Structures are given as structure tokens and as C-alpha cells.
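Here is a friendly walk through one protein model, with an eye to backbone geometry, packing and cysteines. Please keep the viewer open as you read.

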Amino acid sequence: MRPLLLGVLCCSLVLSARAFYSASDDVVELTPSNFNKEVIQSDSLWLVEFYAPWCGHCQSLTADWKKVATALKGIVKVGAVDADQHKSLGGQYGVRGFPTIKIFGANKNKPEDYQGGRSSQAIVDGAMNTLRTLVKDRLSGKSGSSGYSKQSGGGGGGGSKQDVVELTDDNFDKTVLEGDAVWLVEFYAPWCGHCKNLEPEWAAAASAVKEQTKGKVRLGAVDATVHQAVSSRYGIRGFPTIKIFRKGEEPEDFQGGRSRGDIIERAIDLFSDHAAAPELLEILNKDVLQKTCEDSQLCVIAVLPHILDTGAAGRNGYMEVMMRMAEKYKKKMWGWLWTEAGAQMELEASLGIGGFGYPAMAAINARKMKFALLKGSFSETGIHEFLRELSVGRGSTATFGGGVMPAVHTVEPWDGKDGQLPVEEDYDLSDVDLDDDFDKDEL
């Protein structure tokens, strides 16, 4: 009987952990099946939380999120996505940490990240500010509607149709086969009903994929009824057919789902599989730090011991550990930086590192002006645990004093060699008359 009770208790705990929001709450539970209808096709302003049931910060936010939904009821829509269960939705909007709050305003295809405080009052204030801006834009004639289902011809776009590259018999080889990008190509027929249903999903995915992969993965489309040479070359028999093209490899059939989330998720996987690991950069000036941290959701910074303490071999060993971790986490598209102990004292001081404990590591979110410090060992195991905890919202963080990044000095790059001790000046003692000091009367 006791094992049975324990089993029931465990199941109840699991269910309660997942049941963040119920039907009695004013928070709308969003899933891939209702997200398009509820959010994208809506004229309302939406606040959407992407969470994971096991995330401690998400659990802490739950009560405030319910208060926000109740306070804004009838004014702003408030929803939540279990991004651990519905990974395709999280991937579609570039969610890499929990909780992530996005604002779906005038242009539903390009939601904004909410960067304010996490109290109910702060979130409500942020929502009302966004709502006022939205109303002003509408009064001035700026609709900004993304209108997935409101565009003519094919039932809406959800993204810019210009991001879907029109491929023909004439440009296919040069654009797809000879280019460096990975391509997802749809072969369609204008009269095909399934093709018309796919069109808005394909357009939305094309815009998101182009932005998230910086053009390394592209989506194209071939009207197979017009461009029959390229279509027959790849044995197209039904519509729509989607094929994946990698440079120098045979094309393969796309086997995933046909929603924008499924397409984006597969495209991101293709990008990650073929992308090189991020470059490990030395912090030589403020531009290196600023660009790397602003272009990435997270930048990982190591402060390595002075070259005189480790030599080139020791430093290279630390850098190899970092480069292996950059490869491991390349799907996150984080920035990776390093500096020598003492070279950037203001940065070290702002992170609470300076003076001892090298090598040290910090992960910085420049958008939120927050950082976390590595507490474990500077090893693959220790760094992996540190970054894994951060990526799921469990790591403890601190805020930069003054809300600004510290000053960074311009320094010379490391030459890859062992350090050299300063050369002391040699003194010539041949001209010194030592007898003068001893030319005294004896006692």
C-alpha cells in the first residue's frame, strides 16, 4: 500500500509542477495548435511567457503572471507557453532561456523581448506603455499588422514573402547548388490546395530562419508547373515537395511537420550541424566586448592567469577548454571572450573577480545588465554544469552596478608566446671607488 501511495504522491507532484495555469486563471494556455489563431491572427496586444515547469524562476513568476492577467483582462491578452513541452514554439521565437516574455504587438511576426522588471506592477506598466504606443501608431495610420491570414492570395504570409527566394530553371544551380547556404526548397503547383495552406507557414519560417541563422539557411520555392527542368531533375511527383540542399551533397527529402515551428526547428538544426563553433576572441578594446555581447543573448568571458604564471602551454590549455565548450553550445549562438588577469581591471572589479582565483569565468546578459560567475572548476565538466544551469534559468545572477558595462582599455593582442620577465638594467661598477668607503681611521 505504501509504494502505491508514494507513486500517487509523486505523480501528483509532477502534475502540480506542470499545472502552472488552470482554466480558472485569466492566463491563456497557448500551444502549437491554438497559437496562430489566438495570437497571430488577433488584433489584440499579447504578453506571452515561455516557461519550463522545472525552472525555478518560472515557478517564482507564476503568481505575478496570474495577477498581470487579471489586471489586464479585457485590455491586453496574457498567455503562457510550456516551451519544454512545445519546443517548436519556443524554437520558432528564438527562446533559449526561461522564463522568456515576449510582446506581440502591431507586427505579430516580430515580437519584442520584454526587458523590464518581473513584478506584476512592472509588467503591467510595461504592457500599458506598449499599448499606448500601439494606439498612437494606429491613430497616425500605422497599422503594422503582420496579418498571416489577411493577405490576399494564399491566405496570408506571417512573414515577408520576399524572404522566400523565387527559384527558376535559370537561377537554381547558381543560387542553390553553388552557394554556401543550406537550402530548404519547396516545389509547388499554384492549383495545389496543400501548397496554398503551406504558403503562409513557409513565408513566416523564411523570415525567422533568415534572421536567426544570419542568412546561412535559406528557404526557396519552385513553381514546378513552370520550371519543369529542375523539377524533373529531382523527381518531383507530388505537391508540395520539400527538399534539403547542402553544398556538395545529394539532396534529401524534408521529413518534418509543415507548420512554421516545425520548419524553423529543422532549419536551426541544419544551421547548427554545419555552423562552425563561435570564435574565441581576446578583449582588445571596448568594441570587441560591446559587439560580441550585444549581438549575443549571452557572452561568456574568461579571465585567464597572467602569461608569466602559466606560460603559453598553460594558457592554450585553458583556451582549448573554452573552444570545446563553444563547440558544444554553438546552437545557442553565444559570444566567447577572454582577457588576461589585470588587463581589464574595471571589468574584473565589476564582476567581483579581481586579484585572485584565476582562471575565472562570467556569463553576461548585456541586454538585462546581469551576470553570473562560475563557482565550480574551470574544466569542461565545471563549465558545462555552470552554463547548463544558466540556460534553464537556475543559475544565480547579479546586476552590474550603475546599470552600465564597465570601461575597457585598449591592449595589445597576445602574441602566442611565453611571457618574458622585465629586463633589469645592468650597472657597471668598474668606475666606483670602493676604497673611499673604507678609507677611515681604525679605532
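## Backbone, cores and cysteines

Let us begin in the loop between helix H8 (228-233) and strand E9 (241-245), which is where Pro240 sits. Helices here are DSSP runs of H or I with at least four residues, strands are runs of E with at least two, and both are numbered from the N terminus. This is a predicted model, in which local features need pLDDT of at least 70 and side-chain atom pairs count only at pLDDT 80 or more, while totals for chains, interfaces and linings use all residues. Residues are numbered from 1 along each chain as its sequence is written, and side-chain values use heavy atoms, with hydrogens and water left out.

Back to the loop: the peptide bond from Phe239 to Pro240 is cis, with omega near -10°. A cis bond also leads from Tyr358 to Pro359, with omega near 0°. Pro359 belongs to the loop between helix H12 (345-351) and strand E14 (360-365).

Two residues other than glycine have positive phi, and the table sets them side by side. For the last column, buried means under 20% relative accessible area, exposed over 50%, and partly exposed in between (1.4 Å probe, protein chains only).

| Residue | Phi | Loop between | Relative accessible area |
|---|---|---|---|
| Lys214 | near 55° | H7 (193-212) and E8 (217-223) | 63%, exposed |
| Met369 | about 55° | E14 and E15 (370-373) | 14%, buried |

Now for the packing. A nonpolar core is a set of buried Ala, Val, Leu, Ile, Met, Phe, Trp, Tyr and Cys residues joined through side-chain atoms within 4.5 Å. The largest one has 39 residues, and Phe35, Leu47 and Trp65 touch the most other members. Two or more residues each come from helix H2 (35-40), strand E2 (46-51), helix H3 (56-71), strand E3 (77-82), strand E4 (100-104) and helix H5 (120-139). Apart from this core lies another, of 24 residues, including Val164, Leu184, Val217 and Ala267.

Trp65 is worth selecting in your viewer. Leaving out residues up to four places away in sequence, Trp65 touches Tyr21, Val27, Leu47, Val48, Glu49, Val78, Gly79, Ala80, Ile101 and Ile123. Contact here means heavy atoms within 4.5 Å.

Is Glu340, in strand E13 (residues 335-340), buried or exposed? Glu340 counts as buried, because its relative accessibility is 19%. Not counting residues up to four places away in sequence, Glu340 touches Val303, Leu304, Pro305, His306, Ile307, Arg315 and Glu348. Val303 is 37 residues from Glu340 in sequence, yet their C-alpha atoms are 5.6 Å apart. The side chain of Glu340 also reaches the backbone nitrogen of Ile307 at 3.1 Å. That is a polar contact: a pair of N or O atoms within 3.5 Å where, within protein, one must be able to donate a hydrogen and the other to accept it, and residues adjacent in sequence count only if both atoms are side-chain atoms.

Finally, the cysteines. How many disulfides does the structure hold? It holds 1 disulfide, a term that stands for a pair of cysteine sulfur atoms within 2.5 Å. Cys293 and Cys299 form the bond, with their sulfur atoms 2.1 Å apart. The torsion about their S-S bond is about 85°, so the disulfide is right-handed. Both Cys293 and Cys299 are buried. Cys55 is buried too, with a relative accessible area of 0%, and Cys192 is buried at 5%.
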